[in-house]
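Me: Hi! I've got a structure open and would like to talk it through with you. Could you help me find my way around?

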Amino acid sequence: MVGLGEGEYFVASDIPALLEHTRNMFFLADGDIAVLTKNGVRVLDHDGKTVERQPHHVAWDPIMAEKGGYKHYMQKEIFEQPRAVRDTFLGRISQDSGKIYLGEWALPSSNFVNSKMFASSRAAPAGNAALAGKFMIERLARLPVEVDYGSEFRYRDPILDAKP
């Protein structure tokens, strides 16, 4: 995004980075190139043609900006969970075959073939993402999954948990 100050211009990846300098800014579209000079800002598309981007006045204060416009951090985290889960699995699950690719982890499938169960810990709103993962693993790997609160995981009995 590009921030428009008084005789000065800024570039940043997100609103909070600009708020201490200006509240007037505009978003760049995919493929846009912003050319900033002491005389102004010119935006070009991917073909090099000049395009107009309308500036917006952002009324958020810095604290609101950190929450992405949501009333509470927890609300922000809840609404970000679907995207976070999707981004985590992006490029790791084949849409055609359903195969899972974990290349950089270098874990051979033999590590999982005889598995009886998978356990995960969670905390606060991230727990909902862990529960979503539970359903995905159970459906794709056909393994039972248990999800605990992170603070309670230490109380598990490893002997009982190892039994099928």
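Me: Let's start with Glu138. Which residue does glutamate 138 form a salt bridge with?
Reply: Glutamate 138 pairs with lysine 134, and their closest N and O atoms are 2.9 Å apart. Keep in mind that this is a predicted model.

Me: Where do glutamate 138 and lysine 134 sit, and how many residues apart are they?
Reply: Both are in helix 4 (residues 126-141), four residues apart, so about one helical turn separates them.

Me: Is lysine 134 buried or exposed?
Reply: Lysine 134 counts as buried, because its relative accessibility is 18% and the cut-off for buried is under 20%. Glutamate 138 is at 24%, so that one counts as partly exposed.

Me: How many salt bridges does the structure hold?
Reply: There are three salt bridges. One of them joins glutamate 80 to arginine 83, with the closest N and O atoms 3.9 Å apart. Those two residues are both in helix 2, three residues apart, which is about one turn of the helix.

Me: And how much of that pair is accessible?
Reply: Glutamate 80 is partly exposed at a relative accessible area of 26%, and arginine 83 is partly exposed too, at 41%.

Me: What about aspartate 32, which residue does it form a salt bridge with?
Reply: Aspartate 32 forms a salt bridge with arginine 53, and the closest N and O atoms are 2.8 Å apart. This pair links distant parts of the chain, 21 residues apart: aspartate 32 is in the loop between strand 3 (24-26) and strand 4, while arginine 53 is in the loop between strand 6 and strand 7 (56-57).

Me: Why would side chains like that pair at all?
Reply: In general, side chains of opposite charge can pair when their charged atoms come close. As for accessibility here, aspartate 32 is buried, with a relative accessible area of 15%, whereas arginine 53 counts as partly exposed at 28%.

Me: You mentioned strand 4. In what order do the strands of its sheet run?
Reply: That sheet is open and has three strands in the order 4-5-6, with antiparallel pairing. Strand 4 (33-37) and strand 6 (50-51) are the edge strands, each pairing on one side only.

Me: How many bridges are there between strand 4 and strand 5?
Reply: Five bridges, and the two strands pair in the antiparallel sense, with strand 5 covering residues 40-44. A hairpin of two residues joins strand 4 to strand 5. If you want to trace the register on screen, alanine 34 stands opposite valine 43, and threonine 37 stands opposite glycine 40.

Me: Nice, I'll click through those. What about the four-strand sheet, what's its order?
Reply: The order there is 2-1-3-7, again an open sheet with antiparallel pairing. Its edge strands are strand 2 and strand 7, and each of them pairs on one side only. Strand 3 and strand 7 run antiparallel and are joined by two bridges. In that region, methionine 25 has histidine 56 in strand 7 as its bridge partner.

Me: Changing topic: where does threonine 22 lie?
Reply: Threonine 22 lies in the loop between strand 2 (9-11) and strand 3. Threonine 22 is buried, with a relative accessible area of 7%.

Me: What does its side chain reach?
Reply: The side chain of threonine 22 reaches the backbone nitrogen of asparagine 24 at 3.1 Å. Leaving out neighbours within four places in sequence, threonine 22 is in contact with Gly3, Leu4, Gly5 and Phe10.

Me: Now the outside. Which residues make the nonpolar surface patch of about 390 Å²?
Reply: Tyr70, Met74, Ile78 and Phe79 make that patch. Methionine 74 is in helix 2 (residues 73-89) and is exposed, with a relative accessible area of 51%.

Me: Last one, for the whole protein: how many helices and strands are there?
Reply: Six helices and nine strands. Of the 164 residues, 21% are buried. The accessible surface comes to about 12200 Å², and 55% of that belongs to carbon and sulfur atoms. Among contacts between residues at least 6 apart in sequence, 48% join residues at least 24 apart.

Technical notes: Residues are numbered from 1 along each chain as its sequence is written. This is a predicted model: local features need pLDDT of at least 70, side-chain atom pairs count only at pLDDT 80 or more; totals for chains, interfaces and linings use all residues. Side-chain values use heavy atoms; hydrogens and water are left out. Patches are made of residues with over 30% relative accessible area and no salt bridge: like charges are joined within 9 Å, nonpolar side chains (Val, Leu, Ile, Met, Phe, Trp, Tyr) within 5 Å. Accessible areas come from the Shrake-Rupley method with a 1.4 Å probe; for residues, only the protein chains shown count as cover. A salt bridge is a side-chain nitrogen of Lys or Arg within 4 Å of a carboxyl oxygen of Asp or Glu. Buried means under 20% relative accessible area, exposed over 50%, partly exposed in between (1.4 Å probe, protein chains only). Two strands pair if DSSP finds at least two bridges between them. A polar contact is a pair of N or O atoms within 3.5 Å; within protein, one must be able to donate a hydrogen and the other to accept it, and residues adjacent in sequence count only if both atoms are side-chain atoms. Contact means heavy atoms within 4.5 Å.
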